[in-house]
Amino acid sequence: MTHPDLTPDPADPRNQLGTREHALALTDLRHPGVRDALQWLAFSHLPTKLQDFSRPFYQTAVELVIEIRTDSPELTTALNRLVEAKDWAVRAGIKADTGRAGPVARPATVVNPPLFGNERA
């Protein structure tokens, strides 16, 4: 599923699923709650293993944002519930992988951390 505002260049970060640029391109001119929720679901900056846990939630959110063009409290709530579910899925994955609850080691480099507020790529 593509968005009409995205460029045809596949190397453009706005076309790369899970980047903050992708999230910003899809939510440009949308309600701040919609924009921020998709930013919380961006996953390209995470270690590969955690990306696998996060990707399905981002993909679902993208489908909702593309299909539901009218912002509403219901859409924002749906997206926020995806953020909550993603957080728990990542935690479960960390615990299954390490055998304990808690943070994972910070990667040497964090790539494309999500931006919030009025910041733009």
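This report walks through the fold, the core, the first helix and one unusual loop residue of a predicted model.

## Overall layout

Let's start with the big picture. The chain has four helices and zero strands, and reading from the N terminus the order is simply α-α-α-α. There are 121 residues in the chain, and 36% of them count as buried.

What about contacts across the sequence? Take the contacts between residues at least 6 apart in sequence: 61% of these join residues at least 24 apart. As for the surface, the chain exposes about 7,200 Å², and carbon and sulfur atoms supply 56% of that area.

## The nonpolar core

The largest nonpolar core has 17 residues. Those with the most contacts inside this core are L38, L41, Y58, A61, V62, L79 and L82. Four elements give two or more residues to the core: α1 (20–27), α2 (32–41), α3 (48–67) and α4 (73–98). The top contributor is α3, which gives six residues.

A61 is a handy place to look if you want to see how the core is put together. Leaving out residues up to four places away in sequence, A61 touches L38, L41, L79 and L82. Those four partners are also on the list of core residues with the most contacts, as is A61 itself. With the helix ranges in mind, L38 and L41 fall in α2, A61 in α3, and L79 and L82 in α4.

## The first helix

How much of α1 is buried? Eight of its eight residues are, so to speak, under cover by the cut-off of under 20% relative accessible area. The buried set is R20, E21, H22, A23, L24, A25, L26 and T27, a run that takes in charged and polar side chains such as R20 and E21 along with leucines such as L24 and L26. These buried residues pack against α2 and α3.

## An odd backbone angle at L29

Just after α1, the backbone does something worth a look: L29 takes a positive phi of about 70 degrees. Most residues other than glycine have a negative phi. L29 is a residue other than glycine, yet its phi is near 70 degrees.

Where does L29 sit? Its place is in the loop between α1 and α2. Is L29 buried or exposed? L29 is exposed, with a relative accessible area of 80%. That puts a leucine out in the open right after a helix whose eight residues are buried.

Methods: Residues are numbered from 1 along each chain as its sequence is written. Side-chain values use heavy atoms; hydrogens and water are left out. A nonpolar core is a set of buried Ala, Val, Leu, Ile, Met, Phe, Trp, Tyr and Cys residues joined through side-chain atoms within 4.5 Å. Buried means under 20% relative accessible area, exposed over 50%, partly exposed in between (1.4 Å probe, protein chains only). Contact means heavy atoms within 4.5 Å. Accessible areas come from the Shrake-Rupley method with a 1.4 Å probe; for residues, only the protein chains shown count as cover.
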